[in-house]
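Okay, thanks for squeezing me in. I'll put the chain up on the screen and then talk you through it.

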Amino acid sequence: MGARLVTGVGLRRHPPALRTAFLTRDARLAADDRLLAEHDLDGPALSGGPAVLSIRPPDTSPGIGRLESDAALLHAAFEVGHAAATAVLAFIDQRDNSSGESASSAY
């Protein structure tokens, strides 16, 4: 309901295409996430390997908005993201080393 109110009142003087883009942003984000998942390490095998390396924090990590300014919360989120990236990159390094490939030559 909130999004419809924003488009009905706040965007009424703007072109219909802007209102449509605003109202469909969640569906477009979900479609983008599905596309990225198809090209991720856990997605279907691609001939040249994954095209995208998505590193996502666990669902239990703190939610951060674009305008967040709480330093402690931002630090906690940074640490969670750092741990997630470290774990994924360690997995890749271990996988590449066990296959005889140099991790640095893979990138």
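I'll begin with the overall fold, then go along one helix and finish with a loop.

First thing to keep in mind: this is a predicted model. The chain has four helices and zero strands, so if you read along the sequence you just get α-α-α-α. There are 107 residues, and 8% of them count as buried. The accessible surface comes to about 8200 Å², with 60% of that belonging to carbon and sulfur atoms. On contacts, take the ones with a separation of 6 or more: 17% of those are between residues 24 or more positions apart.

Right, on to H4. This helix covers residues 71–98, which is 28 residues. From the first C-alpha to the last, H4 reaches 40 Å, close to the 40 Å you'd expect at 1.5 Å a residue. At the N-terminal end there's a cap from Asp70, with a side-chain oxygen sitting 3.0 Å from the backbone nitrogen of Ala72.

So which residues in H4 are buried? They're Ala84, Ile92 and Asp96. Look at the spacing of the last two while I remind you of the helix rule. An α-helix has 3.6 residues a turn, so residues three or four places apart point the same way.

Next to Ala84 in the numbering we have Ala85, also in H4. Ala85 counts as partly exposed because its relative accessibility is 22%, and the cut-off for buried is under 20%. Ala85 also has a partner from elsewhere in the chain: Ile55 is 30 residues away in sequence, yet the two C-alphas are 6.0 Å apart in space.

Ile55 turns up again on the surface. Together with Leu53 and Leu89, Ile55 makes a nonpolar patch of about 230 Å². Leu89 is the member I'd click on, since we've just been looking at its helix, H4. With a relative accessible area of 45%, Leu89 is partly exposed.

Last stop, the loop between helix H3, residues 25–38, and H4. Is Ser61, which is found in that loop, buried or exposed? Buried: Ser61 comes out at 18% relative accessibility, and therefore falls under the 20% line. The side chain of Ser61 reaches the backbone oxygen of Pro58 at 2.8 Å.

To wrap up, the bits I'd look at on screen are the Asp70 cap on H4, the patch made by Leu53, Ile55 and Leu89, and the contact from Ser61 to Pro58. That's me done.

Conventions:
Residues are numbered from 1 along each chain as its sequence is written. This is a predicted model: local features need pLDDT of at least 70, side-chain atom pairs count only at pLDDT 80 or more; totals for chains, interfaces and linings use all residues. Side-chain values use heavy atoms; hydrogens and water are left out. Helices (H or I, at least four residues) and strands (E, at least two) are DSSP runs, numbered from the N terminus. The expected span of a helix is 1.5 Å times one less than its number of residues. Buried means under 20% relative accessible area, exposed over 50%, partly exposed in between (1.4 Å probe, protein chains only). A polar contact is a pair of N or O atoms within 3.5 Å; within protein, one must be able to donate a hydrogen and the other to accept it, and residues adjacent in sequence count only if both atoms are side-chain atoms. Patches are made of residues with over 30% relative accessible area and no salt bridge: like charges are joined within 9 Å, nonpolar side chains (Val, Leu, Ile, Met, Phe, Trp, Tyr) within 5 Å. Accessible areas come from the Shrake-Rupley method with a 1.4 Å probe; for residues, only the protein chains shown count as cover. A salt bridge is a side-chain nitrogen of Lys or Arg within 4 Å of a carboxyl oxygen of Asp or Glu. Contact means heavy atoms within 4.5 Å.
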